[in-house]
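Visitor: Hi, I have a structure open and would like to talk it through. Can we start with the basics?

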Amino acid sequence: FVFGTIVFVMWIGRMLGADRSTVGTMGAACGVCGVSACIATAPGVKAKATEVAMAIATILGFGLMTMFISPFIGKALGMSDLQYGAWVGTGILNSGQVLATCLAFNPTIAKGTAVYYGELWNLVRVISIPFVVFFITAWYYSKEAKEEQGAEVQKQSFGKILKEKFPMFVLGFMGMTILSTLGLFGPEKSETNHLLRETMQWIFAIGLIGQGAYIDFREIKQAGGKPLKIGLAAGATKYVLALIIIKLFVPADYEI
């Protein structure tokens, strides 16, 4: 679903004639976990602030809509907590909205509940961010991108371009994941982990505020409806296909 969604976005983006930077940010946003993946990919595809804003607005808007309808669909279809969590953990684009939707379905926070499974499925998507950024960056600087950017770029080897443009945060992401897995930050609720999460939230908030500080609605208007069309098409396809696959292959009484 992660890479399939990205390929789908690349295809529909090309059909609509969207800029490659727009397609890159939309692919990451729709394929992985929304805002975080979009921002992580933006530097690698030279995305403008407007393109990032459009991607964020689209995925949050789609997620808001699915937050309201998903619990009713889950109840109507008699879905178990596992089925529901796996579905929205795959089909809803933004991590925070996955959590909220699961709690709307079953407000209990415990192992084996909707929120447990939803966050588990969503975590798998989050872990794929470095690989997605690498994949989209490689795609952006492919032969077609070189031709669009002129003869000077064509003379450079693909390996050299990728080396220069590779998002270094990926190494930090993988390093911190390994350290956390080894338990070097202490227990899950340790003071170190609490400090790291508080710091992350502040940095994330400041980054988003700064992102909005130099966005002009006139620029968004000039972008037209292409990002919106791409995001809605990818989001809806992913949302519906995830539901179909879960209902077909995961029995309601199945347990992990």
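Guide: We can go from the whole protein to two of its parts; note that this is a predicted model.

Visitor: How many helices and strands does the protein have?

Guide: There are 15 helices and zero strands.

Visitor: And what share of the residues is buried?

Guide: Of the 256 residues in the protein, 43% are buried.

Visitor: What about contacts between residues 24 or more positions apart?

Guide: Such pairs account for 74% of the contacts with a separation of 6 or more.

Visitor: Now helix α6. Which of its residues are buried?

Guide: Helix α6 runs over residues 95–105, and Q97, V98, T101, C102 and F105 are buried there. These buried residues are on the same side of α6, because they cover an arc of only 135° around the axis.

Visitor: What covers them?

Guide: The cover includes α4 (49–76), α5 (81–91) and α7 (114–127).

Visitor: Different topic: α8 and α12. At what angle do their axes cross?

Guide: The axes of α8 (residues 129–140) and α12 (residues 169–181) cross at roughly 160° and come within 9 Å. That angle is over 145 degrees, so α8 is roughly antiparallel to α12.

Visitor: Is the crossing left-handed or right-handed?

Guide: The crossing of α8 and α12 is left-handed.

Visitor: Which residues meet there?

Guide: From α8, I129, P130, F131 and V133 meet F169, V170, F173 and M174 of α12. By class, this contact has eight nonpolar residues, with no polar and no charged ones.

Key: Residues are numbered from 1 along each chain as its sequence is written. This is a predicted model: local features need pLDDT of at least 70, side-chain atom pairs count only at pLDDT 80 or more; totals for chains, interfaces and linings use all residues. Side-chain values use heavy atoms; hydrogens and water are left out. Axes are lines fitted to C-alpha atoms, for helices over the stretch in contact, and angles run from 0 to 180 degrees between N-to-C directions. Helices (H or I, at least four residues) and strands (E, at least two) are DSSP runs, numbered from the N terminus. Angles under 35 degrees count as roughly parallel, over 145 as roughly antiparallel, 65 to 115 as roughly perpendicular and the rest as oblique. A crossing is left-handed if the near helix is turned anticlockwise from the far one by less than a right angle, and right-handed if clockwise. Contact means heavy atoms within 4.5 Å. Ala, Val, Leu, Ile, Met, Phe, Trp, Tyr, Cys and Pro count as nonpolar, Asp, Glu, Lys and Arg as charged, and the others, Gly among them, as polar. Buried means under 20% relative accessible area, exposed over 50%, partly exposed in between (1.4 Å probe, protein chains only). The arc is that of the directions from the helix axis to the C-beta atoms.
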